[in-house]
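Reader: I'd like a close look at just one part of this model. Pick a spot and walk me through it, please.

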Amino acid sequence: MATNGVNPSVAELAAMTTEERMSGLEHSEVRYFTSYDHHGIHEEMLKDEVRTRSYRDAIYQNKHIFKDKVVLDVGCGTGILSMFAARAGAKHVIGVDMSSIIQKAKQIVERNGLTSRITLLQGKMEEVEMPKEVMPDGKVDIIISEWMGYFLLYESMLDTVLYARDKYLRKDGRIFPDKATIYMAGIEDGEFKEDKIGFWDNVYGFDYSPMKEVALTEPLVDTVELKALVTDPCPVFTIDLNTVNSSDLAFSEPFTLRCNRNDFIHALIAWFDIDFGACHKPIRFSTGPHAKYTHWKQTVFYVREVITVEEGESLQGFLSNKPNAKNKRDLDIKIDYELDTFDSTRKAAGSCEYRMC
C-alpha cells in the first residue's frame with residue numbers, strides 16, 4: 001500500500017507479505033482478493049473450456065497482432081493469458097495480480113521457460129510500479145484481461161481494466177476482449193421456485209416467511225435448461241471497452257421479452273456474451289442457456305407473482321443496476337416489468353429489487 005502518499009517500489013512490493021499489501025484495504029476488498037489465493041477457483045476457471053479456449057484462440061489466431069508487442073495482463077491469476085500472449089510472439093508481457101497466487105504463476109512461467117519475456121507483479125493495478133525497461137514510454141500495445149463476474153459485473157475487475165486502459169494503453173492499442181452484452185429472458189421454473197421460495201411458507205409447521213423475503217431479493221446463479229425459456233432472448237446492455245467509463249456501469253435500460261408459447265413466467269434470467277472484436281476474424285462466446293456450460297452459468301431473478309403469458313405477447317420493462325454504496329463489488333439490481341396483453345384478467349406488473357453480494 002502507498003505510505004505517506006508514495007507508492008512502494010517494485011523491490012519494496014516484492015519484500016512485502018500478502019498481509020502487508022492488504023493493509024488498509026476495506027474488509028470487502030481483502031475478502032475479494034484473498035478468494036483468489038486458493039487453487040480451486042483457478043482450477044475451475046482453467047477447466048472452463050469455453051472461457052479458456054476462446055482467449056487462447058483470440059490470441060493464437062492473431063499472432064500477427066501480438067508479434068513484438070508489449071502486453072499488459074490485468075488480473076493475471078496463474079498466468080495462462082500471459083503465457084498465451086508470450087507464445088503468440090509478444091515482445092514482453094506484464095502480468096499484475098493482487099492475489100498471492102501470483103507466486104505460483106511465477107513458478108509456472110519459469111517451468112515453461114518464459115521468465116525472460118513475462119514480468120509478474122503482485123499488487124493493485126492502481127499502485128504497482130510498472131517496469132520501465134520493457135515499456136520505456138510508459139505505454140503498452142495490448143491489454144488482455146478476464147475481468148467478468150456473475151451477471152457480468154458482480155465482483156468484476158472492469159474498473160481496474162478501465163484504469164489500466166486510460167493510463168497505459170496507447171491511443172491505437174487493442175483490448176482483448178473489447179465488447180460485452182447482457183441478455184435477458186423469461187423462464188418457467190415453478191418446481192424449483194416452490195422449492196427455493198415457497199419452502200419458507202411452512203418449515204416443519206412454522207411460518208418462516210421473513211426468510212422468504214430475503215430469498216426473493218437474492219439472485220441465484222445456476223444453470224438454466226434451454227427448454228425453460230418462455231421468451232426470446234433480448235440484448236439489454238452493451239459495453240464497448242474502448243470507450244466505456246466507470247460511471248456508465250450504473251445503468252437503467254429497457255427490455256422487451258417476446259413470449260414464444262403459452263406458459264407461466266416465474267423468473268427472469270440474465271447472461272452475457274463476450275466479443276473479441278480486435279481480432280482479424282472476430283471471436284465470440286456466450287454464457288447463455290443455449291450455449292455450452294461456463295462457470296458463470298446464468299443469473300436467475302425470481303419475481304413475486306406468477307405471470308401467465310400467451311404466445312405473441314411481450315413482457316416489457318427496465319433493468320437497472322448500480323454498485324452497492326457500501327461495497328462497490330456488490331450490485332443493487334432492480335427489475336420493473338409489465339405484461340403487454342389485451343386480456344385484463346392476466347394483467348401483471350411489478351418492481352423487484354435484488355442485491356448480489
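Author: Helices (H or I, at least four residues) and strands (E, at least two) here are DSSP runs, numbered from the N terminus. The model is predicted, so to speak of local features takes a pLDDT of at least 70, and side-chain atom pairs need 80 or more, while totals for chains, interfaces and linings use all residues. Residues count from 1 along each chain as its sequence is written, and side-chain values use heavy atoms, with hydrogens and water left out.

Let's take helix α8, residues 102–111. Its buried residues (under 20% relative accessible area; exposed is over 50%, partly exposed in between; 1.4 Å probe, protein chains only) are I102, A105 and V109. They sit on the same side of α8, because they cover an arc (directions from the helix axis to the C-beta atoms) of only 40 degrees around the axis. Flip to the other side of α8 and you find E110 and R111 exposed. Just after α8 comes G113, with a positive phi near 65 degrees.

So what do the buried residues of α8 pack against? Helix α7 (80–87) plus strands β2 (92–97) and β3 (118–122), with contact taken as heavy atoms within 4.5 Å.

Both strands belong to an open, parallel-paired sheet of 5, in the order β3-β2-β1-β4-β5. Strands β3 and β5 (169–176) are its edges, each pairing on one side only (pairing takes at least two DSSP bridges). β2 runs parallel to β1 (residues 70–74), joined by 5 bridges, and there L72 stands opposite I94 of β2. Beyond its neighbours within four places in sequence, L72 also has contacts including V96, M125 and Y168.
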